[in-house]
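Please open the model in your viewer and keep the sequence panel beside it. The stops below take you from one selection to the next.

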Amino acid sequence: MPFSDLRDFITAIERTGDLHRIQREVDWDMEVGAVSRRVFEQSGPALWFENVKDYPSGYSILNGPVATWRRVALALDLDPDSSVRQIYAAYEQRREKKIKPLRVESAPCQENVMTGSDVDIYRLPAPMVHDGDGGRYIGTWDIVITKDPESGWSNWGMYRFMTHTRNMLTGWPQATSQLALVMKGKYLPHIKPMPIAIVIGCEPVSHLVATEPYRPGEDEVEHAGGLRGCPVELVQCKTSDLMVPAQAEIVIEGEVLPDRIALEGPFGEYPGYRSGTMGEGVLVQITAITHRKNPIITLTTLGIPPDDSSIAASLTAAIAMKRGLKRRGVPVTEVYVPPEGVTHLVVVGVEHGGSQVARQVLDFFTARRVMVSKIIVVDRDVDVFDMNQVIHAFSTKCHPGRGIILEHYEGRGNALTPCYSADERRRLKGTSAVFDATWPEEWEEETVPVKSSFETTYPAALKAKVLGNWRSYGLGEKT
Amino acid sequence: MATIFWVTCPQCQGEFYCHKEELRHKKIQLLCPYCSHRFLDEESPKIVE
């Protein structure tokens with residue numbers, strides 16, 4: 001059964017031992033962040049801070065709803081001990097289905113409403129997440145909803161938002177993001193403010209969907225419905241025509257101002273580093289804050305993996321990339337985004353390799369907005385989910401001279417690539433490399449080295465005999 | 001908080017914003033962050049403010 005809301009999910013992960021409640025008072029000023037970060041680095045449970053300093057009882061923070069594969073599996077209603085391969089397969093299969101959302105007229109997320117001069121973002125316990133952050137971040141594990149005014153397409157994404165004043169937020173959507181492109185293309189030319197809704201604390205699948213790079217025009221809410229197997233209930237915002245998940249904990253309604261900017265950041269970001277220095281960000285004028293009774297802020301204390309971002313994007317980005325590669329005619333078998341590579345490293349498995357296929361893969365990753373800088377392409381004898389096998393293939397099959405193909409670009413690189421210089425980040429200038437760990441297609445079969453492993457070196461009859469006798473060798477159950 | 005205007009680089013057509021109080025109608029050359037071309041705001045093919 002899909003989870004109806006965040007509270008339903010919290011109950012489920014508490015039952016399986018994947019949630020820990022902290023009832024003693026904890027300071028929103030970095031203490032919540034420090035505890036959360038340490039627990040992330042131990043792959044520990046989700047943390048529910050129930051008693052936040054300076055805030056009334058009932059105002060709480062949940063860190064790390066899906067920061068482990070167990071919790072991702074639970075979010076998808078799978079066995080928590082499912083393998084990464086099984087989780088990928090279930091997500092990929094369910095992603096094919098779309099279910100239209102259901103409009104409702106009243107909603108839990110609007111049980112409390114602040115508008116006009118009542119608006120005060122500091123009535124919610126937005127944490128100062130890391131030392132060195134530019135301010136208190138209310139939007140970390142959120143769903144940010146905007147709309148194309150011409151087509152009516154409603155876009156869901158995940159972007160960071162920092163408190164600026166009691167009724168203003170600043171944000172830093174990357175210049176190549178869908179939010180920035182709609183803002184720049186459809187609102188700025190007319191000097192029109194862009195309505196925006198920052199949604200916090202939904203059931204977990206909707207947040208997963210917000211992390212996936214869907215193509216422009218695709219309604220994420222229908223995919224969220226498909227993945228859950230039932231429609232997402234939406235309610236209209238109080239101050240705009242945007243539709244938001246009815247069961248959310250908190251909705252911040254506002255407008256991105258077209259002619260104003262304000263200081264934003266830095267923030268400890270998903271690649272595991274602080275994002276440079278304070279810079280200029282978009283400015284959101286808050287028009288309303290609505291929330292449930294006893295609202296729960298969902299938080300991800302980003303940093304070195306694992307955390308919600310590295311785990312969720314490992315799943316959602318990989319499935320999106322696999323679909324994209326297939327559309328381009330690449331003979332892809334599997335794509336794996338290792339969480340340790342924070343979406344800067346991708347492993348692509350192919351039916352048959354060679355330099356042409358490697359080039360095709362690189363072309364796909366660098367055609368438009370480029371988020372990935374390193375791609376390893378492996379033959380189908382390598383299990384992409386097993387990094388031991390991937391490293392073995394990379395180390396032995398990738399020719400250091402002709403097996404590394406580079407593509408340089410400007411204006412569409414990922415400004416959050418830590419190895420880029422300040423100038424490269426400003427110009428969105430970058431380089432992506434494909435490491436071709438496949439055998440060249442032109443090699444004669446007899447010149448291709450034969451892998452020396454149990455699977456590849458022994459006759460089938462002998463392998464069957466060995467496996468059949470496995471227990472009698474005193475080696476326990478065969479795995 | 002600062003007010004801004006948007007300019008288009010006459011050389012590479014890249015769009016970027018500038019601080020209005022400091023740079024609009026001030027006869028100060030703007031530096032395109034994409035191609036490093038320098039130009040006055042009046043030379044921009046498109047200004048949004």
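Begin with chain B, and keep in mind throughout that this is a predicted model. Among the contacts in chain B between residues at least 6 apart in sequence, 36% join residues at least 24 apart. Colour chain B by secondary structure and you should find one helix and five strands, which follow one another from the N terminus in the order β-β-α-β-β-β. The C-alpha atoms of chain B fill a box of roughly 30 × 20 × 15 Å when taken along the principal axes, and of the 49 residues in chain B, buried ones make up 10%.

Staying in chain B, select Gln13(B), which sits in the loop between S1 and S2 of that chain. Its phi is near 70°, a positive value in a residue other than glycine. Is Gln13(B) buried or exposed? With 12 other C-beta atoms within 10 Å, Gln13(B) is exposed.

Next, show both chains and look at where they touch, for here 12 residues of chain B are in contact with 13 residues of chain A. On the side of chain B that touches chain A, strand S1 (2–8) and strand S2 (15–19) each supply at least two residues, and S1(B) gives the most, with four residues. If you colour this side of chain B by residue character, it divides into eight nonpolar, two polar and two charged residues.

Now move to chain A and select helix H2, residues 31–41, in which Val32(A), Gly33(A), Ser36(A), Arg37(A) and Phe40(A) are buried. Turn the view until you look down the axis of H2(A): the buried residues fall within an arc of 120°, so they line one face of the helix. What covers these buried residues of H2(A) includes strand S2 (46–49), strand S3 (60–63) and strand S16 (296–299) of chain A. Just after H2(A), pause at Ser43(A), which takes a positive phi of about 50°. On the other side of the helix in sequence, Asp29(A) belongs to the loop between strand S1 (19–22) and H2 of chain A, and Asp29(A) is partly exposed, with 14 other C-beta atoms within 10 Å.

A little further along chain A, select Asp77(A), which is placed in the loop between helix H3 (69–75) and helix H4 (84–94). Asp77(A) has a phi near 65°, a positive value in a residue other than glycine, and Asp77(A) is partly exposed, with 16 other C-beta atoms within 10 Å.

The next stop is helix H5 of chain A, residues 178–187, where the buried residues are Gln178(A), Leu179(A), Val182(A), Met183(A) and Tyr187(A). Viewed down the axis of H5(A), these buried residues fall within an arc of 135°, so they line one face of the helix. Against which strands do the buried residues of H5(A) pack? They pack against strand S7 (142–147), strand S8 (154–157), strand S11 (194–200) and strand S14 (250–264) of chain A.

From there, select helix H6 (residues 204–211) together with helix H7 (residues 220–228) of chain A, whose axes come within 9 Å and cross at roughly 135°. That angle makes H6(A) oblique to H7(A), and the crossing of the two helices is right-handed. Display the side chains of Val205(A), Ser206(A), Val209(A) and Ala210(A) on H6(A), and of Glu220(A), His223(A), Ala224(A), Leu227(A) and Arg228(A) on H7(A), since these residues make the contact. By character, the residues of this contact divide into five nonpolar, two polar and two charged. To link this stop with an earlier one, draw a distance from Asp29(A) to Val209(A): these residues are 180 apart in sequence and 30 Å apart in space, C-alpha to C-alpha.

Finish with two peptide bonds of chain A. The bond from Gly265(A) to Pro266(A) is cis, with omega near 0°, and Pro266(A) is found in the loop between S14 and strand S15 (279–291). The bond from Pro305(A) to Pro306(A) is also cis, with omega near 5°, and Pro306(A) lies in the loop between S16 and helix H8 (308–327) of chain A.

Terms used: Residues are numbered from 1 along each chain as its sequence is written. Chains are lettered from A and ligands numbered from 1 in the order in which they are written. This is a predicted model: local features need pLDDT of at least 70, side-chain atom pairs count only at pLDDT 80 or more; totals for chains, interfaces and linings use all residues. A residue is buried if 20 or more other C-beta atoms lie within 10 Å of its own, exposed if 12 or fewer, and partly exposed in between; C-beta atoms are placed from the backbone. The arc is that of the directions from the helix axis to the C-beta atoms. Two residues are in contact if their C-beta atoms, placed from the backbone, lie within 7 Å. Axes are lines fitted to C-alpha atoms, for helices over the stretch in contact, and angles run from 0 to 180 degrees between N-to-C directions. Angles under 35 degrees count as roughly parallel, over 145 as roughly antiparallel, 65 to 115 as roughly perpendicular and the rest as oblique. A crossing is left-handed if the near helix is turned anticlockwise from the far one by less than a right angle, and right-handed if clockwise. Ala, Val, Leu, Ile, Met, Phe, Trp, Tyr, Cys and Pro count as nonpolar, Asp, Glu, Lys and Arg as charged, and the others, Gly among them, as polar.
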